[in-house]
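Student: Please take a close look at one part of this model. Start with the background I need, then go into detail.

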Amino acid sequence: MYLDDTIIAIATPLGLGSISIIRVSGKEALNIAKKISKKEELLPRYATLSYLYDEKNNPIDEAIVIYFPNPNSFTGEDIVEFQLHGGVAITDMIFNLILSYGARIANAGEFSKRAFLNGKIDLSKAEAISKIIEAKSQNAVKLLARQLKGELKEFVEDIREDLLFMLAYTEVSIDYAEEDLPTDIFEKIEEKISKIVIKLENSLSASKRREGLIEGFKIAIIGKPNVGKSSLLNKLLNYDRAIISNIAGTTRDTIEESIKIGSHIIKIVDTAGIREDTDDFIEKIGIEKSIKSIEDANIVLALFDNSEKQSKEDLKILDILEENRDKKIIKILNKCDLENRFSKELLKDFISLSAQNSIDELSQKLENILNDSIGEDELTLVSKRQIQSVENTLENINSAKNPLQSGELEFFAHYINEALLEISNITRPYDNDQMLDVMFGEFCLGK
């Protein structure tokens, strides 16, 4: 059976280092560890210093071996961790030796999958583990740590409990109409629905605002040709990444680089200059990519040339910004060390700078925007899957309102059941027996 296999994976990055960790999980993990270490026993959760030997009893390395017995391990199975001296050759030798004793290479995410299947973690915690490894900022780590601690699980469980309450009472009202039920039960259901809707809407709103915090912020630099986009990118990176030239259309494709602003690692995109009068096919493709970069970005830096009068390209860019006003947009009047010819009234709120000189004001504004993306109390969904589940839950709950008010309880129960299925997708599948437990635990039926 697939889950009966003993699996192995290297838990540290490949390459030279002070330590290399190999983890083994499954029913043969302890036996394999005993064979390699030549130990008759390994004390649970005790760091045992031991030589590791190959099939011919030749010592390979001196390592620390730790045994985590089931069910008190990450996967819920026996786990053995080998902490070796860092090195490619040593790691490969021990890894291949364990394979020869019957283990197989773990599939991607299989350790976490087994933890989920064995009830050690739910889906929300599994996603938080994955995201925290990829976190691009300290604030993202803090948010994900809250989910690791069970914040989202509690949020889902509270909503599940209320939905189960509604479903149970509705089913009783349909199937056991002759029983004495509380007269105010449907008023309580309406109150619970209102509270759930507010909670779901708040979580969706906060999650969409913080999407860049979890997935990694993207910043697009846009403007017409020769406005100073590449100079600004080089200044932000603090080295000459983009070619700077007075020739329009020098940047024909998007250039992507990662930089750190404050505690945030962000991806910044220098785009091709936006103009309409080019006959260059390659440049036209670059302009199309520029517009797409704006749609994908969380923050847009729109550059305008202080030393030139506004052109039709500038006006087109302002139109594009208006179409994307839901994004964070910073308008920048560049080349302010030169004589002003651009109409500042067109920009309203903007930053004046020279990309050749200091950009401290821009860097501080970017850091403030990134820091403001996190709040203290609002719950955050950390994946598109979670957001989709909450959106579907909210849609079903809203659809249930009219049937409840009109007394069409079968339709109401259908929508509440669908809402239960959707919200449960975030953590663990909904079992219909839970509703029956509420029904027969809360009411004296069949007396």
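Tutor: What follows is a short overview, then packed helices, then annotated sites. The model is predicted, so local features need pLDDT of at least 70 and side-chain atom pairs count only at pLDDT 80 or more, while totals for chains, interfaces and linings use all residues. Residues are numbered from 1 along each chain as its sequence is written, and side-chain values use heavy atoms, with hydrogens and water left out.

First, the overview. The protein chain has 15 helices and 12 strands. These are DSSP runs numbered from the N terminus: helices are H or I, at least four residues, and strands are E, at least two. Of the 447 residues, 47% are buried (under 20% relative accessible area, with exposed over 50% and partly exposed in between, using a 1.4 Å probe and protein chains only).

Now the close look. Two packed helices are described by the angle between their axes and the distance between the axes. Axes are lines fitted to C-alpha atoms over the stretch in contact, and angles run from 0 to 180 degrees between N-to-C directions. Take helix α13 (residues 384-406) and helix α14 (residues 409-424). Their axes lie 8 Å apart, at an angle of about 165°. Therefore α13 is roughly antiparallel to α14 (over 145 degrees; under 35 is roughly parallel, 65 to 115 roughly perpendicular, the rest oblique). The crossing of α13 and α14 is left-handed, meaning the near helix is turned anticlockwise from the far one by less than a right angle. Contact means heavy atoms within 4.5 Å. On α13, the contact residues include V390, I397, A400 and L404. On α14, they include F411, F412, Y415 and I416.

A second pair helps you read the first. Helix α4 (residues 123-134) packs on helix α5 (residues 138-148) at about 155°, with axes 8 Å apart. So α4 is roughly antiparallel to α5. Among the residues making this contact are A128, I129 and I132 of α4, with V141, L144 and L148 of α5. The crossing of α4 and α5 is left-handed.

Last, the annotated sites. UniProt's unreviewed entry lists "binding site" at R23, E81, K120 and K447. Its positions use the numbering here, feature names are shortened, and annotations may be inferred rather than shown by experiment. E81 sits in strand β5 (residues 79-85). E81 counts as buried because its relative accessibility is 8%. Leaving out residues up to four places away in sequence, E81 touches several residues, including R23.
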